[in-house]
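Got your viewer open? Load the model below and follow along, one selection at a time.

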Amino acid sequence: MKVNVVRNVLQANDLVAGECRNQFRDADTLAVNLISAPGSGKTTLLEKTLPALSPAESIVIVGDLETTRDADRLEPVAHEVVQINTGLSCHLYANQIAQSLGELPLDASEFLFIENVGNMVCPGEFDLGENLKVILYSVPEGDDKVAKYPTIFRVADLVLLTKADLLDALDFDLEHVRQDIARLNANVPVLEFSAKTGQGMDEWLAWLHARREEGLAQEARFVTEPLG
Amino acid sequence: MHEFSIADSLVEQLRDIAAEHGLPVIDRVELEIGELRQVIPDIMQLAFRETARGTPAEDAEFVIEEIEARAECRRCQTAFRPTTWDYSCPDCGVADAQMLAGNALILKSIEANQTPQAAIA
């Protein structure tokens, strides 16, 4: 006997992600999934961003294989933080987000930042219900990473080029990187950012506020390809 | 590595389908993977074999069909086949692609040779 199933393999994850997305919409909270390689400055970005967004309240879900170091760093600046230890898993799942939401004051928060596990590949495959994917790409990683890890840049809503104060010191070919990104997605903005000098901070904050005001939190933006 | 997460989700669905149709053994599983999906068929095979151990799909033939990518340019409506590293339109040169196929990850069908038993509740 043959059974024609025609079902998304990640259906279970996507269903939970959809429920999370509904919760973000109902709470009017903008959910931002931060994705990057380890060490590109996700936690530092949040340490600088959260106080600057104040009085708007921000909550954070942070994923790492081990330790609560990131949560410890973010506790002083966030309204609430939940640390997820994934053990051996190289990305967060939607059900981890759903469970964490039970511990977070979503209704009282304007922004939710999800700091994904440091990884340029796997997090791109799992919808967490977020409204936006922001990719951090740090200058010390070298100017060939878009070509090497293209898929994550393809789905980005914004690329933050972090540690931009090192651009000259490391002979980073910014034009080459911009061309690589434009070949994947002409619509994604690339913003030079330095937590150290403050470069790009105003534009980053303005971008976040603009997305919230556009009511992206109200929209289901993740569109899965039709089956078949 | 995420192939193992995907295999987990797949095997979970196969268990449900086996229970629903009363199938003690699943003999064939057919999966469609879009060529732009970051899923490597060989690793997916390995992940499936590991994950399916001790389930009705343990010895199933696992068939992966790769689906060719298709897109339409939002600017000039040209149809084209993007690659992992290049989504720019061959006509106008702009990467503003409406994806039509190539990202699928679909459990298409299963087959069982034995007669179904009474459905397991």
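Here is a short tour of this predicted model.

**Stop one: the core.** Select Val60(A), Ile114(A) and Ile135(A). These are the residues with the most contacts inside the largest nonpolar core, which has 64 residues. Now add strand S2 of chain A, residues 30-35: with five residues, S2 supplies the largest share of this core. Go back to Val60(A) and look at what surrounds it. Setting aside neighbours within four places in sequence, you'll find Val60(A) in contact with Leu46(A), Leu74(A), Ala78(A), Val81(A), Phe113(A) and Glu115(A).

**Stop two: another core.** Hop over to chain B and pick Ala18(B), Val39(B), Ala52(B) and Ala104(B). They are among the 27 residues of another core, which lies apart from the 64-residue one.

**Stop three: where the chains meet.** Show both chains together. The contact draws 31 residues from chain A and 32 residues from chain B. Which strand gives the most to chain A's side? Select S1(A), residues 2-8: that strand gives seven residues. Chain A's side is made up of 16 nonpolar, nine polar and six charged residues. Next, light up strand S6 of chain B, residues 105-111, and you'll see S1(A) pairing with it in the antiparallel sense over five bridges. Zoom in on Asn4(A), and you'll find Ser109(B) of S6(B) opposite.

**Last stop: a loop.** Head for Ala169(A), in the loop between strand S7 (158-162) and helix H7 (174-184) of chain A. Is Ala169(A) buried or exposed? Ala169(A) counts as exposed because just 10 other C-beta atoms lie within 10 Å, and the cut-off for exposed is 12 or fewer. Finally, pick Pro140(A): its C-alpha atom is 9.7 Å from that of Ala169(A), though the two are 29 residues apart along the chain.

Conventions: Residues numbered from 1 in each chain as written. Chains lettered and ligands numbered in written order. Predicted model: local features only at pLDDT ≥ 70, side-chain atom pairs only at ≥ 80, totals over all residues. Core = buried A, V, L, I, M, F, W, Y, C linked by C-beta atoms within 7 Å. Buried ≥ 20, exposed ≤ 12 C-beta atoms within 10 Å, placed from the backbone. Helix = DSSP H or I, 4+ residues; strand = E, 2+ residues; numbered from the N terminus. Contact = placed C-beta atoms within 7 Å. Nonpolar A, V, L, I, M, F, W, Y, C, P; charged D, E, K, R; others polar. Pairing = 2+ DSSP bridges.
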